[in-house]
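Work through the exercises below with the sequence and the coordinates at hand. Each task is followed by a stepwise solution.

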Amino acid sequence: MWRRRRALLLRSPPSSSSTAASSCQHRRRHLLPSEEPLAVNRLARLFTSQAGSDCGNSQKPFIAFVLGGPGSGKGTQCTKIASDFGFAHLSAGDLLRHEIASGSEKGELILDTIKEGRIVPSEITVELIRKAMETSNANKVLIDGFPRCEENRIAFERIVGREPDVVVFFDCPEDEMVKRLLGRNQGRVDDNIETIKTRLKVFESLNIPVIDYYSSRGKVRKINATGTADEIFDAVHKLFSSLRF
Ligand SMILES: Nc1ncnc2c1ncn2[C@@H]1O[C@H](COP(=O)(O)OP(=O)(O)O)[C@@H](O)[C@H]1O
Ligand SMILES: Nc1ccn([C@H]2C[C@H](O)[C@@H](COP(=O)(O)OP(=O)(O)O)O2)c(=O)n1
Ligand SMILES: [Mg+2]
């Protein structure tokens, strides 16, 4: 039943939209308190040197959060960074879409949330990222599209016990982002104008505060995300060449 519904929903337009403010609060309704300490323990093992199991590496991985509005070019630029600088590319959105496609119990909730342009409960996303980091065994990681809200950020930092090394912010005007999303043509359930409007509101109200927070901590590197993908990558390449990882 759910599988048939999922197949239908994967390409259907959104049935409703909701306010940006409710997106992060979603987490509280779905939090399973018994799961949180387990995730804390697993992540603590991943990121503390005493355990010696940091993604299979003896050192903590270098972590770059890659942020920007929907359609700002995060995924496009991450592919290029991964190829030129040897980073593992972990896209939070891709991990969530794989979870939907797997037909897991959480998939239905994730799909409903993404269809509406809202943010998935943090413990689901952090757990998917944690597993992907473990599997990748990488010492340099791009985390694309995360953290999307303060609750995402706090969950990650509390569980992992550290901040990212750098936060790359692709700064793009809204009209350009809308144009790119409507032309993306990947059959995504959230690339329609109604959901895009919500995603832009969510970005402004929930993700910009995260960028402001990391700016105040001197972590943010802002990239002008207009122009061709290659022009933007020139600036990205300069930035990554200047980082020590
Ligand atoms: N600089 C660019 N100029 C025009 N289109 C772009 C540019 N960068 C990416 N795109 C296209 O815009 C769409 C959104 O890009 P994507 O990398 O998926 O962004 P995001 O991950 O931030 O949503 C894709 O179809 C991509 O091919
Ligand atoms: N940290 C995250 C990342 C994505 N999501 C959900 C909500 C987002 O609108 C969708 C799609 O994310 P994705 O990063 O793939 O989208 P864009 O690359 O910005 O177009 O996934 C989330 O809930 N939490
Ligand atoms: Mg993307």
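The exercises that follow concern a predicted model and cover annotated sites, two ligands and the nonpolar cores.

**Exercise 1. Locate the annotated binding-site residues relative to the largest pocket.**

Step 1. An unreviewed UniProt entry lists Gly71, Ser72, Gly73, Lys74, Gly75, Thr76, Arg184 and Gly227 under "binding site".
Step 2. From this set, Gly71, Ser72, Gly73, Lys74, Gly75, Thr76, Arg184 and Gly227 appear in the lining of the largest pocket.
Step 3. Asn152 is also listed by UniProt as "binding site", again in an unreviewed entry.

**Exercise 2. Classify Ser72, Gly227 and Asn152 as buried, partly exposed or exposed, and describe the surroundings of each residue.**

Step 1. Ser72 sits in the loop that links β1 (62-68) to α4 (74-85). Its relative accessibility is 2%, and the limit for buried is under 20%, so Ser72 is buried.
Step 2. Beyond four places in sequence, Ser72 is in contact with Phe170, Cys172, Met177, Arg180 and Ala225. A polar atom of the Ser72 side chain is 2.7 Å from the backbone oxygen of Gly69.
Step 3. Gly227 belongs to the loop between β5 (220-224) and α11 (229-242). At 46% relative accessibility, Gly227 is partly exposed. With neighbours within four places in sequence set aside, Gly227 touches Arg180 and Ile232.
Step 4. Asn152 is part of helix α8 (residues 150-160). Its relative accessible area is 3%, therefore Asn152 is buried. Not counting residues up to four places away in sequence, the contacts of Asn152 are Ile119, Val120, Ser122, Phe146 and Pro147.

**Exercise 3. Which residues come closest to ligand 1, and which backbone atoms lie within reach of its polar atoms?**

Step 1. Ligand 1 is surrounded by 14 residues, with Gly71, Lys74, Thr76, Arg184 and Gly227 the closest.
Step 2. A polar backbone atom of Gly73 is 3.0 Å from an oxygen atom of ligand 1.
Step 3. For nitrogen atoms of the ligand, a backbone N or O atom of Gly227 lies at 2.9 Å, and a polar backbone atom of Ala229 lies at 3.2 Å.

**Exercise 4. Which residues come nearest to ligand 2, and which side chains have polar atoms by its oxygen atoms?**

Step 1. There are 19 residues around ligand 2, and Lys74, Arg97, Val120, Arg148 and Arg199 come nearest.
Step 2. The side chain of Lys74 has a polar atom 2.7 Å from an oxygen atom of ligand 2.
Step 3. An N or O atom in the Arg184 side chain is 2.9 Å from an oxygen atom of ligand 2. For Arg188, the corresponding side-chain distance to an oxygen atom of this ligand is 3.2 Å.
Step 4. Lys74 is among the closest residues to ligand 1 and among the nearest to ligand 2.

**Exercise 5. Describe the nonpolar cores.**

Step 1. The largest nonpolar core has 35 residues, of which Phe65, Ile129, Ile143, Phe146 and Phe156 touch the most other members. Helix α7 (residues 122-136) supplies the largest share, six residues.
Step 2. Apart from this core lies another of 25 residues, including Phe85, Ile232, Phe240 and Leu243.
Step 3. Phe65 is in contact with Ile143, Phe146, Pro147, Phe156, Pro164, Val166, Val167, Val168 and Tyr214, leaving aside neighbours within four places in sequence.
Step 4. As background, nonpolar side chains in soluble globular proteins tend to be buried together.

Key
Residues numbered from 1 in each chain as written. Chains lettered and ligands numbered in written order. Predicted model: local features only at pLDDT ≥ 70, side-chain atom pairs only at ≥ 80, totals over all residues. Heavy atoms only, no water. UniProt positions renumbered as here; feature names shortened; annotations may be inferred. 1 Å grid on protein atoms, 1.4 Å probe; cavity = no way out; pocket = protein on both sides within 12 Å on 5 of 7 lines; lining within 4 Å. Helix = DSSP H or I, 4+ residues; strand = E, 2+ residues; numbered from the N terminus. Buried < 20%, exposed > 50% of the residue type's maximum accessible area, 1.4 Å probe, protein only. Contact = heavy atoms within 4.5 Å. Polar contact = N/O pair within 3.5 Å; in protein donor to acceptor, adjacent residues only side chain to side chain. Core = buried A, V, L, I, M, F, W, Y, C linked by side-chain atoms within 4.5 Å. Near = heavy atom within 4 Å.
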